[in-house]
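Q: I'm new to reading protein structures, and I'd like a slow, close look at one part of this one. Could you walk me through it and then show me how the neighbouring parts connect?

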Amino acid sequence: MSVLQTWLVQALFIFLITGSIGVLLDPCGRINPESPVVQLGSNFTAVCVLKERCMDYFHVNANFIVWKMGHFTIPKEQYTIINRTAASVTLTDVTSLNIQLTCNILTFGQIEQNVYGITLISGLPPEKPKNLNCIVNEGKKMMCYWDPGRETYLETNFTLKSEWATEKFADCKTKRDTPTSCTVDYSPVYFVNMEVWVEAANALGKVTSDHINFDPVDKVKPNTPRNLSVSNSEELSSILKLTWINSNIKNVIRLKYDIQYRTKGASTWSQIPPEDTASTRSSFTVQDLKPFTEYVFRIRCMKEDGKGFWSDWSEEASGITYEDRPSNTPSFWYKIDPSHSHGHRSVQLMWKTLPPFEANGKILGYEVTLTRWKSRLQNYTVNDTKLTVNLTNDRYIVTLTARNAVGRSDASVLTIPACDFQATHPVMDLKAFPKDNMLWVEWTTPSKSPNKYILEWCVLSDKSPCIPDWQQEDGTVHHTYIRGYLAESKCYLITVTPVYADGPGSPVSIKAYLKQAPPSKGPTVRTKKVGKNEAVLEWDQLPVDVQNGFIRNYTIFYRTNIGNETAVNVDSSHTEYTLSSLTSDTLYMVRMAAYTDEGGKDGPEFTFTTPKFGEIEAIVVCLLSIPIDNSSGVLFCFNKNRDYSLFITCSSFLFRIKKHIWPNVPDPSKSHIAQWSPHTPPRHNFNPKDQMYSDGNFTDVSVVEIEANDKKSFPEDLKSLELFKKEKVSTEGHSSGIGGSSCMSSSRPSISSSDENESAQNTSSTVQYSTVVHSGYRHQVPSVQVFSRSESTQPLLDSEERPEDLQLVDNVDGGDGILPRQQYFKQNCSQQETSPDISHFERSNQVSSVNEEDFVRLKQQISGIPQSCGSGQMKMFQEVSAADAFGPDTEGQGERFKTAGMEAVLDEGMPKSYLPQTVRQGGYMPQ
Amino acid sequence: MDMSWDSWGMLACLCTVLWHLPAVPALNRTGDPGPGPSIQKTYDLTRYLEHQLRSLAGTYLNYLGPPFNEPDFNPPRLGADTLPRATVNLEVWRSLNDKLRLTQNYEAYSHLLCYLRGLNRQAATAELRHSLAHFCTSLQGLLGSIAGVMATLGYPLPQPLPGTEPTWTPGPAHSDFLQKMDDFWLLKELQTWLWRSAKDFNRLKKKMQPPAAAVTLHLEAHGF
């Protein structure tokens with residue numbers, strides 16, 4: 001109880017003591033100044049004065065003073081002892097915005113006791129406000145704004161002051177959140193000049209902006225013109241009249257206007273010339289507009305002399321100009337149904353709807369007239385954009401007009417020539433190239449000036465037919481872009497037809513891509529023939545649907561299991577390539593990539609193994625494991641050099657064997673082979689039946705291939721053939737022994753199978769027996785199957801299995817000893833010169849393996865060949881080659897493209913020759 | 001009695017107004033573009049005030065109520081002598097010299113402004129008070145403009161009557177109808193004055209136009 005009393009007394013005492021000085025605690029000293037504000041970067045000095053009572057109590061004086069900034073003790077060097085009770089501290093270059101400065105004393109030598117503290121605030125004096133300006137929104141109070149200058153870090157007040165010459169107006173003090181503008185409290189009086197300025201003030205100073213003197217009417221921002229409306233005129237399809245209501249300010253000041261308009265949907269505005277709207281008005285007629293077009297308008301206004309501010313834009317208002325007669329003729333073209341009946345033609349007339357800016361109104365219909373020589377007009381009224389008519393084979397003049405509510409267009413006139421009309425004067429130098437995401441077409445004007453051009457285009461595809469779209473261009477045009485949807489990576493066939501007064505000219509076509517891409521599939525490579533050190537690779541050209549661009553080249557990659565991959569670039573025109581310097585008896589992996597301008601794509605990998613034995617040495621292995629004439633044995637025939645007698649002997653021996661083994665062979669003379677074998681052109685025929693000549697067939701069939709010595713004269717060949725025939729006759733009936741004797745009786749030194757290297761070098765003459773059988777037996781085809789095929793009409797089946805196997809042999813000059821196809825062709829065409837065409841025996845053997853009777857025909861065939869050879873045949877090859885490049889589908893397209901009764905003549909060499917041209921000329925621009 | 005209230009009030013107002021117009025520093029600062037621009041501006045201001053008054057009068061007369069807001073209300077003039085009359089014989093008006101023309105305008109608006117301020121004090125609605133206040137400010141601006149033109153042309157401003165103090169003293173009680181009648185006539189007279197002033201300043205403006213300016217000034221100089 002007494003404790004509580006004591007406490008209460010003490011508390012009361014303290015309350016009374018401190019209450020008398022207004023604070024609860026009496027500090028031991030004070031800092032002067034109490035709440036300083038200093039300019040950033042300046043020096044500041046504070047003084048701490050201790051109280052006597054405190055100094056006595058703690059036994060300290062001013063020397064014991066320690067200054068601190070936050071927790072940081074200020075070094076003694078910055079202190080100054082003024083007297084026994086006071087010490088100052090000087091802070092130089094104050095950079096902190098807010099500093100807590102405390103005065104402390106060190107009691108008992110080491111204990112810091114806080115005496116007093118102040119907060120030092122620093123900042124910058126205000127800068128002179130700049131760019132003072134005022135705006136008077138019509139009907140509202142005036143608002144002025146300015147640039148306050150740099151940040152002061154202190155509370156800075158801005159005061160807008162304004163006065164007349166005779167009167168001061170109330171100050172406008174800024175609000176805390178908008179220190180750069182102020183709205184005065186009075187409505188300004190127009191036509192009386194006033195002076196306005198801004199005062200900026202904070203703890204560090206006060207500064208005044210430049211004074212501006214103005215008439216508030218020159219700072220007016222008028223209210224927006226209201227109720228903008230648009231009306232059209234039936235008399236004039238090119239005008240629209242705008243009306244609006246001006247704001248009330250028009251009673252006080254004169255206005256000028258800014259009127260903008262655009263067609264509906266357009267993004268950019270057109271402007272009425274300002275000088276046409278430079279005075280107060282409430283309506284305006286806009287001229288030179290397009291008929292039957294919706295226009296959108298907006299308007300704003302300001303003081304006529306340009307002083308003040310533009311009003312906000314009015315709400316947009318729209319109106320449609322009245323209709324006018326169509327200003328252009330529709331694009332007009334026709335197609336003749338190719339399947340015309342005798343004396344009549346079905347002609348489809350077609351035209352394009354006029355674009356709105358030419359239709360000038362709603363097209364109500366089309367009128368077509370047909371005029372034939374000396375006959376009266378036929379009239380048609382059509383709502384559609386096509387009309388099919390039956391015409392005779394005579395010449396017709398067709399006219400077309402489009403009609404709207406106001407009138408008719410001029411007539412589009414087209415001449416449909418008579419059936420026997422010969423189109424001439426095609427466009428020249430036709431080019432197509434992508435640019436700015438559009439496909440551009442350009443050409444050189446023909447010598448005869450056309451009335452117009454028709455451009456047709458369609459997607460080339462194996463999957464869908466060519467359905468052409470078209471467009472018309474004026475006769476003066478010589479470049480344009482395809483106006484229609486075009487897809488990327490699609491091959492477009494573009495045809496340009498000049499149209500003359502007497503009918504269409506010859507069409508010219510070109511292929512182009514809007515944007516190329518890498519092929520979607522790579523080529524599938526396979527071996528055509530594998531030798532000990534070489535392999536002939538072949539592939540098919542990619543279908544147009546997967547090309548995605550112009551195939552520029554191929555790259556063949558091949559490697560062994562352990563070796564590095566080797567890459568070989570091959571021109572895109574090739575479909576065959578021979579890999580040389582391969583290692584024998586080795587597994588190779590090969591794949592192939594095709595490249596467009598945009599990149600390439602790999603095809604599937606193919607593996608093959610080179611044989612252990614060489615081909616060129618003409619190792620004829622006749623492996624007989626079947627009893628022949630109650631005897632069995634193995635017969636090896638080695639022939640190092642050209643020895644036809646040996647070959648013939650072997651062959652006849654084989655025939656005997658075969659006949660023995662497969663006695664029920666169908667009669668080849670009644671098969672298809674009998675038809676094609678002697679007469680079909682060698683390699684470049686597309687007929688799938690030709691597959692029977694492929695090497696695969698020779699492989700499968702137990703045949704003998706002969707590679708003729710180039711130097712061997714033709715008469716010798718004949719002689720050998722003669723021998724062949726004789727042998728055939730002589731071997732009949734006694735097969736056994738003959739084969740053996742003929743083999744063994746070879747006058748040439750025999751070469752063992754180990755003599756591969758030497759045989760490989762000798763390519764002058766080869767008699768091959770089952771050349772590819774090596775690999776076929778060992779890696780691909782079971783031998784039994786091979787044989788069973790070989791002795792029947794199976795070559796046909798084989799060709800079905802490999803329908804793609806109809807490649808051209810176009811690298812004729814690259815032919816070496818292991819390119820039988822090439823050689824076949826080459827020999828065929830050069831037989832009259834020097835080379836003997838022994839390789840015909842390939843075929844003869846194949847045939848003979850079916851039936852011996854064919855030998856007779858074979859001979860006839862061979863003897864007939866020289867007459868058909870030579871340059872003429874070469875030419876034929878070229879023609880076929882070109883046609884092949886375009887493919888059978890292209891022919892179909894040509895048929896479907898038969899517009900205007902014309903075959904679209906493809907630009908010569910188009911698939912191969914055009915593109916390099918454009919590349920060279922820089923005409924093609926990849927996107 | 002009424003007259004005395006009006007006279008005292010008017011004088012007090014007039015003195016207040018004139019007290020504030022000893023000099024026209026704003027116009028002195030603008031260099032020496034001649035009186036043309038300020039006359040044009042004063043003319044524009046009269047048109048602007050005329051426009052303002054039209055809407056203000058409509059509102060105020062509606063506030064006064066019938067019969068004052070009726071379109072054909074046209075009472076005989078009462079206590080008219082206290083208001084400066086704008087109507088003047090055409091010949092007399094034509095023969096006025098520039099100084100006299102300007103002085104008459106100045107004196108008239110000084111009086112009218114004082115009356116108008118009395119009107120403002122009586123107005124009941126805030127909106128009306130605001131409109132009247134703005135109109136008063138504008139009229140004050142017109143007085144300043146006229147003073148500026150006079151200063152430019154070298155004419156002294158009319159001095160307030162000696163002995164009058166710039167204080168406003170309310171007069172004795174006034175019947176409500178008569179008070180409204182005074183207000184009606186005040187607005188009507190203001191309108192007439194603004195029409196006349198527009199003509200006055202248009203006339204001055206034409207006289208001050210550059211080609212004829214030298215001759216006109218010469219003649220004016222002779223006039224004084």
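A: Here is a walk that begins with one residue in a helix of chain B and then moves on to chain A.

Please keep in mind that this is a predicted model. Let's start with Arg196(B), which sits in helix H7 (residues 176-208) of chain B. Is Arg196(B) buried or exposed? Its relative accessibility is 8%, so Arg196(B) counts as buried, the cut-off being under 20%. What does the side chain of Arg196(B) do in there? It makes a polar contact with the side chain of Gln104(B), at 2.5 Å. If you set aside residues up to four places away in sequence, Arg196(B) touches Arg85(B), Ala86(B), Val88(B), Trp93(B), Leu96(B) and Gln104(B).

Now look at the salt bridges of helix H7. Side chains of opposite charge can pair when their charged atoms come close. In chain B, Asp98(B) and Lys207(B) meet through their side chains in a salt bridge of 2.8 Å, N to O. Asp98(B) belongs to helix H5 (residues 98-122) of chain B and Lys207(B) to helix H7 of chain B, so this pair ties together parts that are 109 residues apart in sequence. The two partners can be described one by one: Asp98(B) is buried, with a relative accessible area of 1%, while Lys207(B) is partly exposed, with 23%.

Another salt bridge joins Arg101(B) and Asp200(B), whose closest N and O atoms are 2.9 Å apart. This pair also links distant parts of the chain, since Arg101(B) is in helix H5 of chain B and Asp200(B) is in helix H7 of chain B, 99 residues apart. Both Arg101(B) and Asp200(B) are buried.

While you are in chain B, try a small check on helix H3 (residues 36-64). Its 29 residues, at 1.5 Å a residue, should span 42 Å, and the end C-alpha atoms are 40 Å apart, which agrees. Just after H3(B) comes Gly65(B), which takes a positive phi of about 85°.

Salt bridges appear in chain A as well, and over all chains the structure holds 38 of them. One of them joins the side chains of Glu473(A) and Arg483(A), at 2.8 Å, N to O. Glu473(A) lies in strand E36 (residues 469-474) of chain A, and Arg483(A) in the loop between strand E37 (479-481) and strand E38 (491-500) of chain A, 10 residues apart. Glu473(A) is buried, with a relative accessible area of 8%, whereas Arg483(A) is partly exposed, with 40%. Elsewhere in chain A, a network of salt bridges links Arg559(A), Glu565(A), Arg591(A), Asp602(A) and Glu605(A).

Next, find strand E43 (residues 553-560) of chain A. Why can E43(A) be called largely enclosed by the rest of the structure? Six of its eight residues are buried, so the rest of the structure largely encloses this strand. E43(A) runs antiparallel to strand E44 (residues 566-571) of chain A, and six bridges join them. Within that pairing, Tyr558(A) stands opposite Thr566(A). E43(A) and E44(A) form a hairpin, with five residues between them. E43(A) is also joined by eight bridges to strand E46 (residues 587-596) of chain A, again antiparallel. There, Thr555(A) has Ala593(A) as its bridge partner.

Chain A also holds an open sheet of five strands, in the order E2-E9-E8-E4-E5, with mixed pairing. Strand E2 (37-39) and strand E5 (72-73) stand at its edges with a single partner strand each, so one side of each has no neighbour in the sheet. E2(A) pairs with strand E9 (residues 111-123) in the parallel sense over three bridges, and Val38(A) has Ser122(A) as its bridge partner. Strand E8 (residues 98-107) runs antiparallel to E9(A), with 10 bridges joining them. At the other edge, strand E4 (residues 65-69) and E5(A) pair in the antiparallel sense over two bridges.

Finally, turn to the nonpolar residues. In soluble globular proteins, nonpolar side chains tend to be buried together. Here, the largest nonpolar core has 98 residues, and those that touch the most other members are Met142(A), Leu160(A), Val196(A), Phe297(A) and Tyr109(B). A second, separate core of 29 residues includes Val66(A), Tyr79(A), Cys103(A) and Ile118(A).

Key. Residues numbered from 1 in each chain as written. Chains lettered and ligands numbered in written order. Predicted model: local features only at pLDDT ≥ 70, side-chain atom pairs only at ≥ 80, totals over all residues. Heavy atoms only, no water. Core = buried A, V, L, I, M, F, W, Y, C linked by side-chain atoms within 4.5 Å. Buried < 20%, exposed > 50% of the residue type's maximum accessible area, 1.4 Å probe, protein only. Helix = DSSP H or I, 4+ residues; strand = E, 2+ residues; numbered from the N terminus. Pairing = 2+ DSSP bridges. Polar contact = N/O pair within 3.5 Å; in protein donor to acceptor, adjacent residues only side chain to side chain. Contact = heavy atoms within 4.5 Å. Expected span 1.5 Å × (residues − 1). Salt bridge = Lys/Arg side-chain N within 4 Å of Asp/Glu carboxyl O.
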